[in-house]
Amino acid sequence: REEREEGGEGGGRAEGISVGEAVVAKTMTRAERNKQARNKAREAELERQRQAKKANKQLNRIGEITKQVKKEVKDRDAAAQRRAVLKPEVEAAKVRRLGPYKLQAKAPEVLLPEELPKHLRSLPASAINPLKERFEGLQKRNLIEARFPKSKRKTLGNTWLGQRKSNKLKERAYIDF
């Protein structure tokens, strides 16, 4: 301590010494304590009155609230009734898939502006197969189920590739004991 007081480290303050004035707790008289209790009781009464006033306002609004709730219930019932009326139409409008495949929409065959001839008469007849178009139309209208052409198996010589693979698998699985 002596080193610090003489001008060493610590910034010039000694430990344990307070900087401000000493605070003395004032004793209250009986009249002051009574006055404080009356003020506390008055504040509590005012708060109770505020709460009662707030509750009365809410009670007075019960009519408005019930009207609002009834209107919301009425609107909800009307919406449910509209949905019930429209449900068969919506169900009928939905297209149900018949088979396991989805019909994939094909892009329309369109010529680019550079590919178009000068005269429309000179347009080449597109490779339209009427039977194929009719078949696709039936699939779109969901009268027949969607099908896709199967890819043909490749052959190697006289045997099918699928058969050769299965033979190889059988050979691998065979274990001689």
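Colleague: What is the relative accessible area of glutamate 47?

Modeller: This is a predicted model, in which local features need pLDDT of at least 70 and side-chain atom pairs count only at pLDDT 80 or more, while totals for chains, interfaces and linings use all residues. Residues are numbered from 1 along each chain as its sequence is written, and side-chain values use heavy atoms, with hydrogens and water left out. A residue is called buried under 20% relative accessible area, exposed over 50%, and partly exposed in between (1.4 Å probe, protein chains only). Glutamate 47 counts as partly exposed, because its relative accessible area is 36%.

Colleague: Which residue meets glutamate 47 in a salt bridge?

Modeller: A salt bridge here is a side-chain nitrogen of Lys or Arg within 4 Å of a carboxyl oxygen of Asp or Glu. The partner of glutamate 47 lies three residues away in helix α2, so about one helical turn separates the two; helices are DSSP runs (H or I) of at least four residues, numbered from the N terminus. With an N to O distance of 2.8 Å, the side chain that meets glutamate 47 is that of arginine 50.

Colleague: What is the N to O distance in the salt bridge of arginine 48 and glutamate 45?

Modeller: Both residues lie in helix α2 (residues 30–60), three residues apart. Arginine 48 is partly exposed at 48% relative accessible area, and glutamate 45 is partly exposed at 33%. Their side chains meet with an N to O distance of 2.4 Å.

Colleague: Which residue forms a salt bridge with arginine 61?

Modeller: Arginine 61 counts as partly exposed, because its relative accessibility is 43%. Its partner, with the closest N and O atoms 3.7 Å apart, is glutamate 64.
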